[in-house]
Amino acid sequence: MTDSRTPFSAQLRIGVSGLGYLGATHAVCMATLGYRVVGYDVDEGKVQALSRGILPFYEPGLPELLREMQATGRLSFTSDLDDVAEFADVHFVCVGTPQARDSDAADLTYVDAAFTALAQRISRRALLVGKSTVPVGTAERLTALVAEHALAPAEVELAWNPEFLREGFAVEDTLNPDRLVFGVASEWAERQLRGVYAPMLERGTPLVVADLATAELVKVAANAFLATKISFVNAMAEVCEAAAADVGLLARALSYDERIGGRFLKPGLGFGGGCLPKDIRAFSHRAEELGVGKAVGFLREVDEINLRRRARMVDLIREAAGGDLRGVRVAGLGAAFKPDSDDVRDAPALDVARMLYLEGADVRIYDPQANENAHRVYPDLEYVSSLAEAAAGADVVALLTEWREFVDADPGELGDLVAQRRIVDGRRVLDAGRYRAAGWEYSSLGGAVTTRVAADVRRAG
Ligand code: UGA
């Protein structure tokens with residue numbers, strides 16, 4: 001493959017269609033590599049915000065980089081597709097693939113529309129690169145779709161280049177990926193992608209060059225594996241609860257086996273967000289379509305284990321409250337699906353808050369970043385703007401998202417605010433010993449937490 005290497009060329013012009021999490025980050029990061037970049041989105045509001053240097057979502061480090069890149073003159077945004085269609089040598093398509101309204105399948109409306117609209121306008125040689133997470137076979141179907149609609153069918157080609165960035169680490173993950181995957185149908189396409197990613201390849205970033213289908217599958221397989229790992233440890237948590245064992249200790253002991261590893265092995269409220277839950281469902285759906293549903297049948301179980309954690313958390317809060325949630329004031333700490341994010345899509349925290357509310361609890365939610373998004377999804381719930389306000393007069397405190405602010409809270413000070421010193425730790429991140437020493441009734445999802453374990457975990461960081 002070395003003969004197909006293309007040296008880095010800052011002359012390359014990059015288009016990014018779809019300026020959500022993935023696209024906005026990708027556009028900014030491509031500009032940091034020295035390319036001229038035009039980002040396109042149908043959403044005028046998003047384009048205007050970005051053009052003014054305002055990021056429409058929370059991502060540490062990205063707003064600064066956005067403004068820095070805009071100041072270089074290399075990065076601009078538009079809601080006029082013609083501006084980007086003729087501009088770019090390589091178009092990255094980063095539009096969303098949410099779960100369909102009426103099934104577990106991925107909704108490919110936006111992907112289809114984005115590729116078709118670009119193909120209809122491009123009259124020059126260009127590579128269209130899909131980055132969205134899609135069911136295997138989509139790229140092949142899109143290749144046909146593009147050929148059918150293209151203004152210049154011989155000039156445009158399609159490739160797939162999945163993205164593995166995590167929210168909260170978006171810039172770091174994009175600029176220093178642990179691997180690159182190119183799904184290509186020709187050497188030319190591979191050369192284009194090698195050119196784009198030359199700065200990373202020169203640093204030795206591992207590259208897998210594959211066919212389109214494999215590249216699509218890598219992404220869903222990676223997310224399926226991560227989800228499975230989380231649900232595995234949460235299944236162990238269920239067993240630990242029944243057997244009066246400590247899943248924290250169990251996970252820690254497992255993590256020292258390098259074949260297993262400790263990442264994504266944290267027991268707790270489980271996974272949420274805009275990716276893992278819908279990706280495993282779409283994967284199951286696609287596998288069934290392909291007649292191999294049984295091969296990934298375990299993903300249904302992975303999903304169920306994950307959802308059971310939420311229900312179990314509600315049980316623990318109810319137990320802490322004495323068996324009935326009606327009229328009980330609960331401080332809901334967190335709404336985002338994970339810390340350092342304002343994303344509430346399929347957020348376990350918000351789901352728990354909703355279930356508590358439906359059982360009659362008086363829930364006050366505080367999230368350092370996600371209150372606004374959460375309010376949009378569940379306007380009936382009550383949101384407050386500080387930890388102190390959430391805790392004031394609470395009968396039970398529920399730790400739902402492990403923001404640093406919550407982990408670092410002082411049990412004594414928090415105790416002065418609440419009506420009852422009862423806390424349920426849904427993420428197993430609090431120092432049980434300190435809480436108990438400060439007179440709290442501490443319980444945690446996944447069974448016992450000994451003082452020693454909590455201290456060990458904190459020391460290990
Ligand atoms: C995930 C993947 O990690 C990325 O590699 C992928 O690119 C992305 O989806 C995507 O498909 O776009 P992200 O959704 O940002 O990234 O979040 P993660 O950091 O993976 O966390 C997912 C969920 O798992 C969170 O709710 C988190 O709280 C939970 N989690 C994570 C656990 O419950 N336990 C763990 O040990 C780790």
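Hi everyone, let's start in the middle of things, with the ligand. Domain 1, residues 13–210, and domain 2, residues 236–460, both give residues to the shell around the ligand, so it lies between them. Before I go further, please keep in mind that this is a predicted model.

So who sits around the ligand? There are 21 residues around it, and the ones that come nearest are Phe164, Leu165, Glu167, Asn223 and Cys275. If we sort the shell by class, we find ten nonpolar residues, three polar ones and eight charged ones.

Let me walk you through some contacts with oxygen atoms of the ligand. At glutamate 167, a backbone N or O atom lies 2.7 Å from a ligand oxygen. With lysine 219, the side chain does the job: one of its polar atoms is 2.8 Å from an oxygen atom of the ligand. Then there is glycine 272, where a polar backbone atom lies 3.0 Å from a ligand oxygen. How much of the ligand's own accessible area does the protein cover? On its own the ligand has 710 Å² of accessible area, and the protein covers 91% of that.

Which elements give two or more residues to this shell? They are helix H10, residues 212–243, and helix H12, residues 276–289. H10 gives the most, with four residues.

Since we are on H10, let's stay there for a moment and look at threonine 214, which lies in this helix. Is threonine 214 buried or exposed? The answer falls in between: its relative accessibility is 36%, so it counts as partly exposed. Its side chain is joined to the side chain of aspartate 211 by a polar contact of 2.7 Å. You can also look from threonine 214 across to tryptophan 160: the two are 54 residues apart in sequence, and their C-alpha atoms are 9.4 Å apart in space.

Another polar contact for you to find on the screen involves aspartate 303, in helix H13, residues 298–320. The side chain of aspartate 303 meets the side chain of arginine 281 in a polar contact of 2.7 Å. Aspartate 303 has a relative accessible area of 12%, so it counts as buried.

Now for the aromatic rings. A pair of aromatic rings is described by the distance of the centres and the angle of the planes. This structure holds six such pairs. One of them is formed by tyrosine 21 and phenylalanine 57, and it is stacked, with 4.4 Å from centre to centre and 25° between the planes. What I like here is that the pair links distant parts of the chain, 36 residues apart. Tyrosine 21 belongs to helix H1, residues 21–32, while phenylalanine 57 is in the loop between helix H2 (44–51) and helix H3 (62–72). Both of these residues are buried. Elsewhere, Phe92, Phe182 and Tyr197 come together in one aromatic cluster.

One last stop: glycine 195, in helix H8, residues 187–196. Its relative accessibility is 3%, so glycine 195 counts as buried. How far is glycine 195 from arginine 354, C-alpha to C-alpha? The separation is 48 Å, for two residues that are 159 residues apart along the chain.

To close, let's go back to where we began: the ligand lies between domain 1 and domain 2, since both give residues to its shell. Thanks for listening!

Notes:
Residues are numbered from 1 along each chain as its sequence is written. This is a predicted model: local features need pLDDT of at least 70, side-chain atom pairs count only at pLDDT 80 or more; totals for chains, interfaces and linings use all residues. Side-chain values use heavy atoms; hydrogens and water are left out. A residue is near a molecule or strand if one of its heavy atoms lies within 4 Å of it. A polar contact is a pair of N or O atoms within 3.5 Å; within protein, one must be able to donate a hydrogen and the other to accept it, and residues adjacent in sequence count only if both atoms are side-chain atoms. Accessible areas come from the Shrake-Rupley method with a 1.4 Å probe; for residues, only the protein chains shown count as cover. Ala, Val, Leu, Ile, Met, Phe, Trp, Tyr, Cys and Pro count as nonpolar, Asp, Glu, Lys and Arg as charged, and the others, Gly among them, as polar. Domain bounds come from an automatic or database domain assignment. Rings of Phe, Tyr and Trp (its six-membered ring) pair if their centres lie within 6.5 Å; planes under 30 degrees apart count as stacked, over 60 as edge-to-face and the rest as tilted. Buried means under 20% relative accessible area, exposed over 50%, partly exposed in between (1.4 Å probe, protein chains only).
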